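The report below goes through selected strands, helices and loops of one model in turn. Please keep the sequence and the structure at hand while reading.

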Amino acid sequence: MKKLFSLLLALGLVFTIAACGRDDDEDDAQDLVDAAIAELDWDTNITRTSDFNLPQTASNGVSYTWMAETGQDYLAVDGSTAVVTRPEAGEDAVTVELTVTASRMDASDSKTFNVTITPVPETDEEILAEAVLDLELSVDLSDVRNNFSVPSSDGDVQITWASSDESVLEVDGNTINVFRDPVEDKTVTLTATLTLNAVTDTKEFVITVPLFEDHPQNRADEAAGDLAIFRTDFVIGDIYLPSEGTYDTTITWSSSHPEYLDGDGSVTRPRGDNVAVDLTATISYTDDDGITGEATREFIAVVISQDKTYTYRTSISPVSDINPHDATLANASDLYSLLGAGLYMGDFDFAEQGRVAGDFRDAENLEYDRFPRLASELPIDVNDNGRVWEIRIREDLNFEDGTHINADTFMFSYMMLLDPLLVNERGSMMYQDLNIEGAEDYFFQDVEAGTHYDDYDILFDTVGVKKVNDYAFRLHLNESFTQWNVLDTLLSAITGPVHPENYEALMNEARDNTQYGTQAAIDQYVSYGPYSVSSWEADQVYVFEKRDDFIWADEYRFDRIRFEVLSEQSQIVNMFQAGNLDVAGVGGQYWEDFEDWPNLRLSPTMATFRWAFNVDDRPDGNTNPMLKYKEFRQAIYHAVDRGEMTSTVTAPSIPQQGLVSPEYVTHYTDVMSYRATPQGLSVFEDRFPDTYGFNPSYAVELFDIAYDQAVADGAINDGDTVWLELSMMDAETNFTTNEWVQEQLEDIFGDRFEFRLNAMTSDALDEIGASGNFDMMFYAWQGVKFDPIFLLGYVYNETLPLMHEIGFNTSEWPVTVTLDGFLAIADERINARLADIQEQIDEVQDAIDALDPSDEDYATDLEDLEASLDSLNELYTDVEDFEIGANGELTLAFGEWFQETQAGGIFYEEYDGLIDDWRAIAAGMEDILLEEQIAIPLFTNVATAAYSERVVFENDFFHPWMEWGGFRYMYLNVADEDLD
């Protein structure tokens with residue numbers, strides 16, 4: 001369950017890399033372009049059966065742009081991936097022209113490849129032929145030195161292996177053992193025999209194994225060449241120096257300054273200046289005859305002085321509240337995440353691939369996993385049914401003031417997070433995302449202001465958060481969760497602790513508000529994370545100081561982070577150019593000035609920026625009568641030229657005519673962008689996808705229909721000028737974008753239409769959003785990257801707390817989806833779901849039967865339980881009434897689709913075809929939101945950040961989970977004292 005959202009009220013920043021700029025003249029540029037095209041030495045005729053990678057840059061830095069010229073239904077370019085959709089079995093193969101253009105300055109050249117997409121195989125012979133075509137080895141066939149693995153199957157195809165020379169390549173099951181000859185290189189043929197039923201075929205791989213004179217000196221020399229150490233450019237803590245190398249060689253280390261960095265990797269930071277330490281590795285190997293070979297390898301490590309400080313200088317829009325229980329804005333999350341931590345964390349899984357932290361070689365293949373952070377170990381499934389999870393926390397956790405953190409701290413924090421008087425925005429993490437027993441009843445109970453939590457009708461001890469001992473508690477859930485789901489929900493500081501004494505001391509008399517985390521009481525916010533608040537000058541600057549007593553302090557190389565409080569992009573860029581910031585967002589109007597910046601990173605984002613509609617009557621009396629007409633809203637949708645917008649005022653960005661950006665993947669086990677799937681593309685079939693929905697003549701036709709109907713209904717007078725008011729944060733980037741659209745819309749619709757811009761502060765925007773005093777607001781959500789169904793079902797659902805659009809009963813809208821995979825297991829799944837609901841019904845009925853009529857709370861308890869029973873009986877009837885059509889068609893309400901794909905739902909547990917079914921469900925849900933036009937999607941910004949030369953990223957590859965790695969994998973190569 002991926003449920004952490006951030007609300008973006010202005011264009012956000014994420015990061016990626018571009019090639020460094022050069023001052024090439026035109027001839028040099030053309031030479032580079034020609035070389036880049038020549039570097040693509042693929043055959044011009046290619047056969048493909050699955051997605052394949054498209055290089056984005058040549059070795060000389062020239063950029064490639066890819067385009068499928070024909071047959072886009074079968075091959076779509078999605079960033080660096082060519083997404084293949086195969087013809088159905090029995091259909092003909094399709095050949096698509098795939099063109100790459102290399103460009104540099106004004107020079108460019110192109111090359112076209114004919115890509116044949118073969119149909120889905122049908123016969124055993126076709127399936128086997130495809131398996132032969134796809135079979136490859138993961139080694140460089142021209143230089144194989146070490147043992148490697150080979151596959152034993154490909155689906156139903158079985159694969160066996162044979163070597164032409166077992167003395168060099170020995171087949172040992174799935175492993176090929178390599179024995180290097182001491183005299184000469186050896187060439188061996190490795191033959192794969194593929195079998196499917198009675199059909200057999202073979203494929204040969206010619207492999208060269210270089211000689212290896214089995215002498216201790218050769219072993220030492222090769223081991224020295226293989227040796228690498230990492231994270232040595234900025235050393236503030238102990239580093240890993242390996243004691244063993246390739247071929248079981250022994251490695252010893254000597255240091256030019258052992259007082260600062262000794263041969264064991266222990267560090268004592270110097271005073272005064274930084275110290276460059278020469279590390280010498282001596283690699284040795286002694287054979288059974290006592291003959292020793294020895295080689296050396298030298299490295300340099302820079303040990304950072306205790307007297308040097310490194311302040312990362314960035315900017316942020318104004319923040320008034322960083323209480324993780326209630327703050328929902330992305331900028332607040334950026335701050336409280338540095339002052340706290342989650343129980344678990346996501347990180348590169350270096351150990352899984354036998355690497356040490358910081359080894360970013362072949363970074364694109366680095367795996368990702370979740371690890372304990374505040375917790376001492378991974379969650380424990382107590383009953384092996386996924387409904388009770390024990391969380392064990394570390395025993396060495398403290399707030400910055402020394403207050404110890406234990407299970408009681410978490411119990412208090414979760415009680416406050418769910419408090420029914422505080423009504424914290426993030427309380428849904430407990431009652432919705434984790435679906436903890438009793439949490440929803442506790443959160444939504446009626447409580448009189450000023451009542452202490454010990455006197456509530458429903459006490460916190462009824463909630464399924466139970467202390468086990470001083471360093472463990474259990475979460476009792478209403479439904480089964482996987483460990484991954486539990487980890488996913490406990491990654492954020494939202495589910496970390498708050499300081500009990502200060503949180504309580506800052507509570508008002510009514511107990512419906514605490515000043516904890518607010519700007520007014522920022523000096524009483526107590527950190528337990530890597531940084532603490534050093535100074536806070538409202539609307540000017542926030543300075544965070546590194547906590548040296550933080551458990552993982554050595555992971556953070558910034559001594560301070562200085563946030564200049566700025567809302568205008570022009571201010572940020574000016575400060576960056578003056579050398580006073582280390583990073584600036586340089587999209588939009590600044591893109592052309594910075595696209596060749598040497599330390600530039602571009603990042604795809606999840607956020608689709610949109611205008612959210614309000615079709616209800618406004619409490620302030622300024623209701624726009626036109627918004628009630630769907631055709632009027634649709635007219636606006638088709639009047640926006642997203643292609644032109646994203647190439648000009650919002651560049652670099654991606655035009656979006658849907659609510660789900662290309663960064664979303666349907667399921668965390670999937671590998672394809674939802675937006676590039678046939679299901680994702682089908683949403684736009686009747687919405688002019690060639691122009692991203694832009695069709696001004698159709699827009700005017702829809703406008704006229706709505707206008708005439710409004711006149712007929714008496715909502716307006718014929719000849720009236722109708723309007724649409726956009727409320728947005730008062731930020732320069734918002735004005736740049738929306739003034740451009742204002743001119744375009746007023747030109748298309750003429751004198752009968754006026755587009756109004758209403759700019760305000762974020763607090764004022766929150767207020768009108770909550771009160772419903774707006775026509776249309778500029779918003780974006782980001783989060784839940786691997787679950788677009790959750791994004792759609794949660795934030796566009798009027799029954800849940802995060803929907804910005806007002807006046808739409810989305811949860812009740814019927815959505816028909818064809819489920820190809822589910823059809824085969826429908827009866828089994830429905831019966832299992834009914835059995836689960838019946839079990840819950842029985843539990844509630846038992847609780848009713850157990851009530852004591854003489855108890856003073858009997859009437860209230862009986863009413864609550866009967867309400868639960870009614871809901872469960874209604875749910876049972878709904879599920880019982882599921883009617884699966886002969887081809888897998890199923891119609892459910894929008895909210896039901898959302899519910900049934902979450903934990904405990906019919907479509908939650910994996911089955912064959914689940915991913916395609918989830919894609920179809922997401923498409924069905926997105927389609928009805930667009931049909932009713934609850935919002936106008938505009939673009940997905942490609943966040944663009946220019947960094948100062950002092951900023952160093954350890955990772956140069958954009959990772960789908962970790963992006964660029966964050967502050968833990970960055971450092972500054974120039975100290976504050978050494979800045980000009």
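Glu-390 stands opposite Arg-474 in strand 26, and this pair belongs to the five bridges that join strand 24 (residues 388-392) to strand 26 (residues 472-476), the two running antiparallel. Helices (H or I, at least four residues) and strands (E, at least two) are here DSSP runs, numbered from the N terminus, and two strands are said to pair if DSSP finds at least two bridges between them. This is a predicted model, in which local features need pLDDT of at least 70 and side-chain atom pairs count only at pLDDT 80 or more, while totals for chains, interfaces and linings use all residues. Residues are numbered from 1 along each chain as its sequence is written, and side-chain values use heavy atoms, with hydrogens and water left out.

**Strand pairs**

Strand 26 is also joined to strand 25 (residues 465-469), by four bridges and in the antiparallel sense; strand 25 and strand 26 form a hairpin with two residues between them, and Asn-469 faces Ala-472 across this pairing. The table sets out antiparallel pairs from elsewhere in the chain.

| Strand | Partner strand | Bridges |
|---|---|---|
| strand 3 | strand 6 (residues 81-84) | two |
| strand 28 (residues 541-546) | strand 29 (residues 560-565) | five |
| strand 37 | strand 38 (residues 889-893) | five |

Strand 3 takes part in an open sheet of three strands with the order 3-6-5 and antiparallel pairing, in which strand 3 (52-53) and strand 5 (75-78) are the edge strands, each pairing on one side only. Within this sheet, Asn-53 lies opposite Thr-81 of strand 6.

In strand 37 (residues 814-818) the side chains alternate, with Val-815 and Val-817 pointing to one face and buried, whereas Pro-814, Thr-816 and Thr-818 point to the other and are not buried. Buried means under 20% relative accessible area, exposed over 50%, and partly exposed in between, with a 1.4 Å probe and protein chains only. The bridge partner of Val-817 in strand 38 is Leu-890.

**The four-stranded sheet and the loop at Gly-529**

An open sheet of four strands follows the order 20-29-28-27 with mixed pairing. Strand 20 (311-316) and strand 27 are at its edges with a single partner strand each, so one side of each has no neighbour in the sheet. On average, neighbouring strands of this sheet are turned by 20 degrees against each other, direction ignored. Inside the pairing of strand 28 with strand 29, Val-541 stands opposite Glu-564. Helix 4 (residues 330-339) lies across strand 20, strand 27, strand 28 and strand 29, running at about 135 degrees to strand 27; axes are lines fitted to C-alpha atoms, for helices over the stretch in contact, and angles run from 0 to 180 degrees between N-to-C directions.

Gly-529 is found in the loop between helix 9 (500-505) and strand 27 (531-537), and it counts as buried because its relative accessibility is 0%. Apart from neighbours within four places in sequence, Gly-529 is in contact (heavy atoms within 4.5 Å) with Leu-338, Leu-339, Gly-340, Arg-547 and Phe-550.

**Helices and a second buried loop residue**

Which residues of helix 18 make the contact with helix 22? The axes of helix 18 (residues 788-795) and helix 22 (residues 914-931) come within 9 Å and cross at roughly 35 degrees. From helix 18 the contact is made by Ile-789, Leu-792 and Gly-793, and from helix 22 by Trp-918, Ile-921, Ala-922, Met-925, Glu-926 and Leu-929.

Helix 22 is mostly covered, 14 of its 18 residues being buried. At 1.5 Å a residue its 18 residues should span 26 Å, and the end C-alpha atoms are 25 Å apart, which agrees; the expected span is 1.5 Å times one less than the number of residues. Just after helix 22, Gln-933 has a positive phi of about 50 degrees. Helix 16 (residues 732-749) likewise has 18 residues with an expected span of 26 Å, and its end C-alpha atoms are 26 Å apart, which agrees. Among the buried residues of helix 16 are Trp-740, Val-741, Leu-745, Ile-748 and Phe-749, and the helix is followed by Gly-750, with a positive phi near 75 degrees.

Gln-656, in the loop between strand 33 (653-655) and helix 14 (678-682), counts as buried because its relative accessibility is 3%. Leaving out residues up to four places away in sequence, Gln-656 touches several residues, including Thr-608, Arg-642, Arg-675, Pro-937 and Phe-939.
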